[in-house]
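Here is a quick tour for someone meeting this structure for the first time. Have a look at it, and then we can walk through it together.

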Amino acid sequence: LVMVFYGSNGKSNPVSMENKVEHQAKNQITYDIHLPSDLGMLYKVRLGLQSLENSISQLSLRQFKMQNTSTLDTFSLTINKTLPLSLNGDRWIEFPVEWPLKEALSVVTYHLTVFSRNILSERNLVHMTACIYGTHGDTGDRSLLWSLQNVQQGENNESFLVIMDAVELGELDKVVLLISSKTDCKLDIKKLHLKEAVKEHPIYVFEVNEAFSVDANKPEIQREIPVSFVIRGDKQRNDIDNNLHKDGSQASNLTEYTIKVYTGDKRGAGTDANVHIILFGNEDKSEVFQLSQSLEHRNPFERGKVDTFKIKTKKLGSLHSIEIGHDGKGFASGWFLEKVEITDASRNSVYCFNCNR
């Protein structure tokens, strides 16, 4: 059994409970642990099993009690969980520490969707973990391939959902991937989407777009992927808009863009996935806009159709590029995009971005 303690100033190294038994009563073990004094106020504990390589033993945890021996501050929690959480399952559980008169963080279920090309066929050969970082610490390395849910396979892409519980991380910042294998294989990972299970938004998007070649002789590959952008819901964006309008000077700085999206006229060209766009100009870039309210069609992005959207954002200057994509939702979500035309009324300019893929 290993424990990691998180404080307001950082986290401890993993504390192994090996050789730390102080005394053992019936079904109860007490350990003495010396934590660095500069950890600050403890707010979270992570418990886990260090390795399951050679055994499938399980550990049933009933209750956790912790006392600061100098101040006698005490925290106790009923756990009633068994590690690992399922066969080959997640080996870690996290819980917030609640001190008197201090508000504790809550435990959140996160949905991590992995978009890839070939992981499903290679998953028995490869070991892959992710550590998610936010303003309230990290999740530690969590196995991604032990329980794939909501698996979707298309012609040259696939996605699967990983569900993990963690003490809330706040604003997400980056994901660190660790990949290793006992045999030669190649993993082609496109991107990761991360959100709280109970909320539609925000969705944190981490663009990877890399093929990882792993083999038995190579130590694990590590990649740090910063958040690429955040897809915010309508309410969140309205809040941002309202804040802009409260400040009159900023409101006068808003400009309207008309966006025409041309879906190709090919078999399977249309999509029911949620499409987003970001505009980049020589003065600034826009926030992420969901293109959901087409002026022409109730069901946008159908084969051979043109959909028009109007957005308001700060003045961006002369547009030089866009980022456009979708969340992969729905059956056969692939989309053939012909081109995007954007009109900036304030500059009387039209920009055309050809895609044809």
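Does K314 count as buried, partly exposed or exposed? At 33% relative accessibility, K314 counts as partly exposed. Before going further, keep in mind that this is a predicted model.

**The salt bridge around K314**

K314 makes a good starting point, as its side chain meets that of D284 in a salt bridge, 3.9 Å from N to O. K314 belongs to strand β24 (residues 306-314), while D284 sits in the loop between β22 and β23, so the pair ties together parts that are 30 residues apart in sequence. And what about the partner? D284 counts as partly exposed too, at 33% relative accessibility.

**Other salt bridges**

How many salt bridges does the structure hold? There are 12 of them. One joins E94 to K44, and here the closest N and O atoms are 3.0 Å apart. E94 is part of strand β9 (residues 92-96) and K44 is part of strand β6 (residues 42-48), so this pair ties together parts that lie 50 residues apart in sequence. Both E94 and K44 are buried.

Another one brings together the side chains of K174 and E224, at 3.4 Å from N to O. This pair also links distant parts of the chain: K174 is in strand β16 (residues 172-181) and E224 is in strand β19 (residues 221-226), 50 residues apart. Is each end buried or exposed? K174 is buried, with a relative accessible area of 19%, which puts it under the 20% cut-off. E224 is exposed, with a relative accessible area of 51%, which is over the 50% cut-off.

Here are these three side by side:

| Salt bridge | N to O distance |
|---|---|
| E94 and K44 | 3.0 Å |
| K174 and E224 | 3.4 Å |
| K314 and D284 | 3.9 Å |

Some salt bridges share partners, and in that way K11, K44, R46, E94, D138 and R142 are joined into one network.

**Charges over rings**

Two members of that network turn up again next to aromatic rings. K44 lies over the face of Y6, at 4.4 Å from the ring centre. The charged end of R46, in turn, sits over the ring of W92, 5.1 Å from its centre.

**Aromatic pairs**

Rings also meet other rings here: the structure holds 6 aromatic pairs. How are the rings of F301 and F309 arranged? Their centres are 5.6 Å apart and their planes are at 20°, so the pair is stacked. F301 and F309 are both buried. Elsewhere, F64, F75 and F95 form one aromatic cluster.

**Two sheets to look for**

Now for the strands. One open sheet is made of 6 strands, in the order β14-β15-β10-β17-β18-β20, with antiparallel pairing. At its edges are β14 (149-153) and β20 (229-231), each of which pairs on one side only. From one strand to the next, the twist averages 30°. Within this sheet, look for β17 (residues 185-196) and β18 (residues 203-214): they run antiparallel and are joined by 9 bridges. Which residue of β18 stands opposite L194? That is Y204.

A second open sheet has 3 strands in the order β23-β22-β25, and the pairing is again antiparallel. The edge strands are β23 (289-290) and β25 (319-326), each pairing on one side only. Strand β22 (residues 275-281) pairs with β23 over 2 bridges, in the antiparallel sense. To see one such match, find I277, whose bridge partner in β23 is F289.

**Cysteines and a loop**

How many disulfides are there? The count comes to 0. As for individual cysteines, C131 counts as buried, at 4% relative accessibility, whereas C355 counts as partly exposed, at 29%.

The last stop is R347, found in the loop between β26 (337-344) and β27 (349-354). R347 is partly exposed, with a relative accessible area of 41%. If you look for K315 as well, you will find that R347 and K315 are 32 residues apart in sequence and 9.9 Å apart in space, from C-alpha to C-alpha.

Definitions and conventions:
Residues numbered from 1 in each chain as written. Predicted model: local features only at pLDDT ≥ 70, side-chain atom pairs only at ≥ 80, totals over all residues. Heavy atoms only, no water. Pairing = 2+ DSSP bridges. Helix = DSSP H or I, 4+ residues; strand = E, 2+ residues; numbered from the N terminus. Salt bridge = Lys/Arg side-chain N within 4 Å of Asp/Glu carboxyl O. Buried < 20%, exposed > 50% of the residue type's maximum accessible area, 1.4 Å probe, protein only. Phe/Tyr/Trp six-rings, centres within 6.5 Å; stacked < 30°, edge-to-face > 60°. Lys NZ or Arg CZ within 6 Å of the ring centre and 35° of its normal. Axes fitted to C-alpha atoms, helices over the stretch in contact; angles between N-to-C directions. Disulfide = S-S within 2.5 Å.
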